[in-house]
Amino acid sequence: MNFYVMTLFPEMIEQGMNTSITGRAIAKGLLSLKTVNIRDYSVTGNGRIDDYPYGGGAGMVMQAEPIYRAYEDLKARIQGNSDAQVCPRVIYLTPQGRVFHQNMAQEFAKEENLIFLCGHYEGVDERVIESIVTDQVSIGDYVLTGGELPAMVMMDAISRMVPGVLSNAESGQSESFSDHLLEYPQYSRPEVWRDRPVPPVLLSGHHGKVDRWHREQSLLRTLQNRPELLKEADLDKTDIAFLESLSK
Ligand code: SAM
């Protein structure tokens, strides 16, 4: 999985992504990360890449041409490294896009190459979005100063689906959202912490009971925090009976 990020702040992306689990995966060669500084493609030659919006309004707009040149350069590099004339997906991070979720992360994880375009200021000239962008993605209904954090959020979630990135392959599968349920609560040593004991069933050594307790806690947590997810969840008769018992 190769990530390419077009940004005005490459150091932000590099520092974030080269840390912890993603950093380890990059060092192992399971992921690669290349940042492209859009400023290097300034058409004025002085590093300027933004201008006033036509029609007036607050703030500045990132111009189309520097982004387009950065993209063309990147595409040529990606195609140069590949046998096929691949045309990688280009994701523009924007509060106006489809809201990112776990299924999208799974879908993007199937790609070999992904290009992210991070906006700043008031955003990006619409014409370059129309020309090069295949997907517009938001990370939630709020407005951030730039697309760098959203790109890192997406790359982090996608990376976890890439085989070998997580040390225990299972841990990516049973987590929150993997089956439209939130994960059950987790406990570690000591058995009693500040008068709070670990639920006894987890110490019982009885796998069947532990599995059932995990399932019920997932159902309970989802009902309490994200009840709308239950509509999509694959529930069996026992699950339904458990949920009904809660409402009595
Ligand atoms: N004027 C734009 C609007 O109202 O839709 C917002 C621009 S925002 C201040 C600057 C940049 O931050 C955007 O171009 C985008 O790349 C990024 N951004 C801000 N909020 C985001 C979000 N919720 N999800 C993804 N990207 C976001």
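## Helix crossings, backbone geometry and salt bridges

Q: In which sense, left-handed or right-handed, does α1 pass α6 in their crossing?
A: In this predicted model, two packed helices are described by the angle between their axes and the distance between the axes. The axes of α1 and helix α6, which covers residues 148-159, come within 10 Å and cross at roughly 30°. Because angles under 35 degrees count as roughly parallel, α1 is roughly parallel to α6. The crossing in which α1 passes α6 is right-handed.

Q: Is M12 buried, partly exposed or exposed?
A: M12 belongs to helix α1, which runs through residues 10-17, and together with Y142, L144 and L149 it forms a nonpolar patch on the surface, whose accessible area adds up to about 360 Å². The relative accessibility of M12 is 33%, and since buried means under 20% and exposed means over 50%, M12 counts as partly exposed.

Q: How is α7 oriented relative to α8: parallel or oblique?
A: Helix α7 (residues 207-225) packs with helix α8 (residues 237-246) so that their axes are 10 Å apart and the angle is about 55°. This angle is neither under 35 degrees nor within the range of 65 to 115 that counts as roughly perpendicular. The orientation of α7 to α8 is therefore oblique.

Q: Is the peptide bond from R189 to P190 cis or trans?
A: P190 sits in the loop between α6 and β8, a strand of residues 192-193. The peptide bond that leads from R189 to P190 has an omega near 5°, and this bond is cis.

Q: What is the phi of S20, a residue other than glycine?
A: S20 lies in helix α2, which spans residues 20-28, and it is exposed because its relative accessible area is 59%, above the 50% limit. Although S20 is not a glycine, its phi is positive, with a value near 60°.

Q: Where is R194 found?
A: R194 has a positive phi of about 45° although it is not a glycine. It counts as exposed because its relative accessibility is 69%. As for its place in the chain, R194 is found in the loop between β8 and β9 (196-197).

Q: By about how many helical turns are K75 and E72 separated in helix α3?
A: The side chains of K75 and E72 form a salt bridge with an N to O distance of 3.6 Å, and E72 is partly exposed at a relative accessible area of 32%. Both residues belong to helix α3 (residues 64-80) and are three residues apart, so their separation is about one helical turn.

Q: How many residues apart are E175 and R160?
A: A salt bridge joins the side chains of E175 and R160, with an N to O distance of 2.7 Å. Both partners are in the loop between α6 and β8, and the pair links distant parts of the chain, with a spacing of 15 residues.

Q: Which residues are joined into one network by salt bridges that share partners?
A: Of the 14 salt bridges found in the whole structure, one connects the side chains of R215 and D239 at 2.9 Å, N to O. R215 lies in helix α7 and D239 in helix α8, so this pair ties together parts that are 24 residues apart in sequence. At 22% relative accessibility R215 counts as partly exposed, whereas D239, at 1%, counts as buried. Through shared partners, the network joins D179, R212, R215, E216 and D239.

Terms used: Residues numbered from 1 in each chain as written. Predicted model: local features only at pLDDT ≥ 70, side-chain atom pairs only at ≥ 80, totals over all residues. Heavy atoms only, no water. Patch = residues over 30% accessible without salt bridge, like charges linked within 9 Å, V, L, I, M, F, W, Y side chains within 5 Å. Areas by Shrake-Rupley, 256 points an atom, 1.4 Å probe, with all protein chains shown as cover. Salt bridge = Lys/Arg side-chain N within 4 Å of Asp/Glu carboxyl O. Helix = DSSP H or I, 4+ residues; strand = E, 2+ residues; numbered from the N terminus. Buried < 20%, exposed > 50% of the residue type's maximum accessible area, 1.4 Å probe, protein only. Axes fitted to C-alpha atoms, helices over the stretch in contact; angles between N-to-C directions. Parallel < 35°, antiparallel > 145°, perpendicular 65-115°, else oblique. Left-handed = near helix turned anticlockwise from the far one by under 90°.
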